[in-house]
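Reader: I should like a close look at a single part of this structure, namely its aromatic pairs and the elements that carry them. Please set out the geometry and the surroundings in one connected account.

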Amino acid sequence: MADEIIVQREESGDTGRYVIYLPGGAEAEMTYHRTQPGTIAIDHTGVPPEFRNLGLALKLVEAGIADARQEGTKIVPLCSYVAAQFRRHPDWAPLLA
């Protein structure tokens with residue numbers, strides 16, 4: 001499954017999400033909202049139980065990190081999973097708001 005993972009970004013107004021569409025209509029997602037220009041707060045990451053331990057949540061975060069780097073966006077990691085990933089990846093520190 002890892003080779004088939006496609007992360008999509010969806011945005012509407014000041015909110016958005018990164019989503020992976022999974023078999024059977026399931027979705028893994030990471031949601032965020034804009035707190036000010038150039039800053040997003042990631043507030044939730046969720047993966048259905050039957051798809052956990054496949055690295056999907058990390059793929060979502062990595063997609064958000066890549067976009068933040070490209071766009072010059074800062075991140076407030078409100079979600080505990082995302083905060084933990086920031087601690088595990090010190091090279092992401094410049095992206096912290």
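Author: In this predicted model, Y32 has a relative accessibility of 2% and therefore counts as buried, the cut-off for that class being under 20%. Y18 is likewise assigned to the buried class, at a relative accessible area of 3%.

These two tyrosines belong to one of the aromatic pairs, of which a search of the whole structure finds 2. A pair of aromatic rings is described by the distance of the centres and the angle of the planes. For Y18 and Y32 the ring centres are 5.8 Å apart and the planes stand at 40°, so this pair is classed as tilted. The pair links distant parts of the chain, since Y18 lies in strand β2 and Y32 in strand β3, with their positions 14 residues apart.

The two strands that carry this pair are themselves joined: β2, residues 15–21, runs antiparallel to β3, and 7 bridges connect them. Y32 also takes part in this ladder, as the bridge partner in β3 of G16. Helix α1 packs on the sheet and touches β1, β2, β3, β4 and β5, its direction making about 135° with that of β2. Helix α2 packs on the sheet as well, in contact with β3, β4 and β5, and its direction makes about 120° with that of β5.

The sheet as a whole is open and has 5 strands in the order β1-β2-β3-β4-β5, with mixed pairing. Its edge strands are β1 and β5, each of which pairs on one side only. From one strand to the next, the twist averages 25°.

On the edge strand β1, residues 8–12, one finds Q8. Y18 is one of the residues that Q8 touches, the others being R17, V19 and Y21, when residues up to four places away in sequence are not counted. In contrast to the buried Y18, Q8 has a relative accessibility of 35% and so counts as partly exposed. The C-alpha atom of Q8 is separated by 15 Å from that of G46, and the two residues are 38 residues apart along the chain.

The other aromatic pair consists of F86 and W92; it is edge-to-face, at 5.5 Å centre to centre and with 80° between the planes. Both members are again buried: F86 because its relative accessibility is 7%, and W92 because its relative accessible area is 4%.

F86 leads to helix α2, residues 80–88, where V82, A83, A84 and Q85 are buried along with F86. The cover over the buried residues of α2 includes strands β3 (27–36), β4 (39–46) and β5 (74–77), together with helix α1 (56–71).

The packing of α1 against α2 has an angle of about 70°, and the axes are 11 Å apart. The two helices are therefore roughly perpendicular to each other, a class that spans 65 to 115 degrees. F86 takes part in this contact: α2 contributes Y81, V82, Q85 and F86, while α1 contributes A57, L58, V61 and I65. By residue class, the contact of α1 with α2 divides into 7 nonpolar residues, 1 polar residue and no charged residue.

In summary, the tilted pair joins β2 to β3 through Y18 and Y32, whereas the edge-to-face pair is formed by F86 and W92.

Methods
Residues are numbered from 1 along each chain as its sequence is written. This is a predicted model: local features need pLDDT of at least 70, side-chain atom pairs count only at pLDDT 80 or more; totals for chains, interfaces and linings use all residues. Side-chain values use heavy atoms; hydrogens and water are left out. Buried means under 20% relative accessible area, exposed over 50%, partly exposed in between (1.4 Å probe, protein chains only). Helices (H or I, at least four residues) and strands (E, at least two) are DSSP runs, numbered from the N terminus. Contact means heavy atoms within 4.5 Å. Two strands pair if DSSP finds at least two bridges between them. Axes are lines fitted to C-alpha atoms, for helices over the stretch in contact, and angles run from 0 to 180 degrees between N-to-C directions. Angles under 35 degrees count as roughly parallel, over 145 as roughly antiparallel, 65 to 115 as roughly perpendicular and the rest as oblique. Ala, Val, Leu, Ile, Met, Phe, Trp, Tyr, Cys and Pro count as nonpolar, Asp, Glu, Lys and Arg as charged, and the others, Gly among them, as polar. Rings of Phe, Tyr and Trp (its six-membered ring) pair if their centres lie within 6.5 Å; planes under 30 degrees apart count as stacked, over 60 as edge-to-face and the rest as tilted.
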